[in-house]
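Good morning, colleagues. Please take a moment to look at the model on the screen, and I shall then go through its contacts and its architecture.

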Amino acid sequence: MEGRALIHQWTKDLELLQNRLLLKTDLYGNIISIENISELQNKWKSEFKSFLTKKYTQKGSHQLIENTEQIFYNKQEFEQQFFGYSFLRTLFHGYYNVKELTENSLSLKNFFGQLDLELKLQSKKENNKITNTAVLNKELFKQKDFIQLIRDITHTYNLKVDLNIDLEEIFSFNEQEQIKESSLYLETAVPDLYYIIIAHHTNLVEQEEHKKTLNLELWEI
């Protein structure tokens, strides 16, 4: 097993380690912290590290395991992987028994390295569907820090830095107000310098009576 197949297997094994997460969020669904990280650390120490060591003997595997261990024992670094714009946005969308929609904020932690992406959401509700668009929250976004970041990356200082945002979110709910399907799209760009698209599609698939699972399609450019 090599290359891509090996990476997928490694990812699958790590998902077994963190298949129970206790996440703390704010009222809008933004993830604040992972509350049961000590539980994961104990699981890693007691059984999981030895499991990975026996399973993965390829060149470089030992260093990968050691690097993973360092992340698990660094709470701040471990939490980074759950910030940004991930499929978890579908699960923690913040629309619970909402009768009227008001403009609210979306803060994507450490979206640009150590810099947060601050957005203002504009929402529309129609039947059992909520649609969001967004603009940059200029009051909260650290524009000067972002300009400096782009200049440091490009090693160019006499350039114009305009951050363009294109966001569309569609959340569909069933009669029990459970999330049934979602489409998330976020494009961030600085013309001629920087361009990233992130998109996630999630739908609820009924497999057996009273049993449900989430079928995820994730891609990122």
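I begin with a salt bridge: E69 pairs with K49, and their closest N and O atoms are 3.1 Å apart. E69 belongs to helix 3, residues 61–72, and K49 to helix 2, so the pair ties together parts that are 20 residues apart in sequence. How exposed are the two partners? E69 has a relative accessible area of 19% and is therefore buried, the cut-off being under 20%. K49, at 23% relative accessibility, counts as partly exposed.

I should state here that this is a predicted model. The mean pLDDT of the protein chain is 81, and 86% of its residues reach 70 or more. Residues 216–221 require caution, since their pLDDT is below 50. That stretch nevertheless has 15 contacts in the model beyond near neighbours in sequence.

Let me return to the charged pairs. How many salt bridges does a search of the whole structure find? The search finds 7. One of them joins R89 to E169, with the closest N and O atoms 2.9 Å apart. This pair links distant parts of the chain, as R89 is in helix 5, residues 88–91, and E169 is in strand 6, 80 residues away. R89 and E169 are both buried. Another salt bridge connects K109 and D116, where the closest N and O atoms are 3.7 Å apart. K109 has 34% relative accessibility and so counts as partly exposed. Salt bridges with shared partners also join K49, E66 and E69 into one network.

I turn now to the overall architecture. The protein chain contains 6 helices and 9 strands. Of its 221 residues, 38% are buried. Among contacts between residues at least 6 apart in sequence, 50% join residues at least 24 apart.

Helix 2, which carries K49, spans residues 37–55 and has a kink of about 55° centred on K45. Which of its residues are buried? I37, L40, Q41, W44, F48 and L52 are buried in helix 2. As a general point, an α-helix has 3.6 residues a turn, so residues three or four places apart point the same way.

Strand 6, which holds E169, covers residues 164–173 and pairs with strand 7, residues 179–190, in the antiparallel sense over 10 bridges. Within this pairing, I170 of strand 6 stands opposite S183 in strand 7. The hairpin has 5 residues between the strands, and E177 takes a positive phi near 60° there.

Finally, the nonpolar cores. Which members of the largest core touch the most other members? Of its 29 residues, they are Y85, F111, F112, L117, L119, F146 and L163. The elements that give two or more residues to this core are strand 3 (104–112), strand 4 (115–126), strand 5 (129–136), helix 6 (143–154), strand 6, strand 7 and strand 8 (194–208). Leaving aside residues up to four places away in sequence, L163 touches F112, L117, L136, F141, F146, T188, A189 and V190. Apart from the largest core lies another, of 18 residues, among them L17, I31, Y56 and F83.

Thank you. I am glad to take questions.

Notes:
Residues are numbered from 1 along each chain as its sequence is written. This is a predicted model: local features need pLDDT of at least 70, side-chain atom pairs count only at pLDDT 80 or more; totals for chains, interfaces and linings use all residues. Side-chain values use heavy atoms; hydrogens and water are left out. The bend at a residue is the angle between axes fitted to the seven residues ending there and the seven starting there. Helices (H or I, at least four residues) and strands (E, at least two) are DSSP runs, numbered from the N terminus. Buried means under 20% relative accessible area, exposed over 50%, partly exposed in between (1.4 Å probe, protein chains only). Two strands pair if DSSP finds at least two bridges between them. pLDDT is the predictor's confidence in each residue, from 0 to 100. Contact means heavy atoms within 4.5 Å. A salt bridge is a side-chain nitrogen of Lys or Arg within 4 Å of a carboxyl oxygen of Asp or Glu. A nonpolar core is a set of buried Ala, Val, Leu, Ile, Met, Phe, Trp, Tyr and Cys residues joined through side-chain atoms within 4.5 Å.
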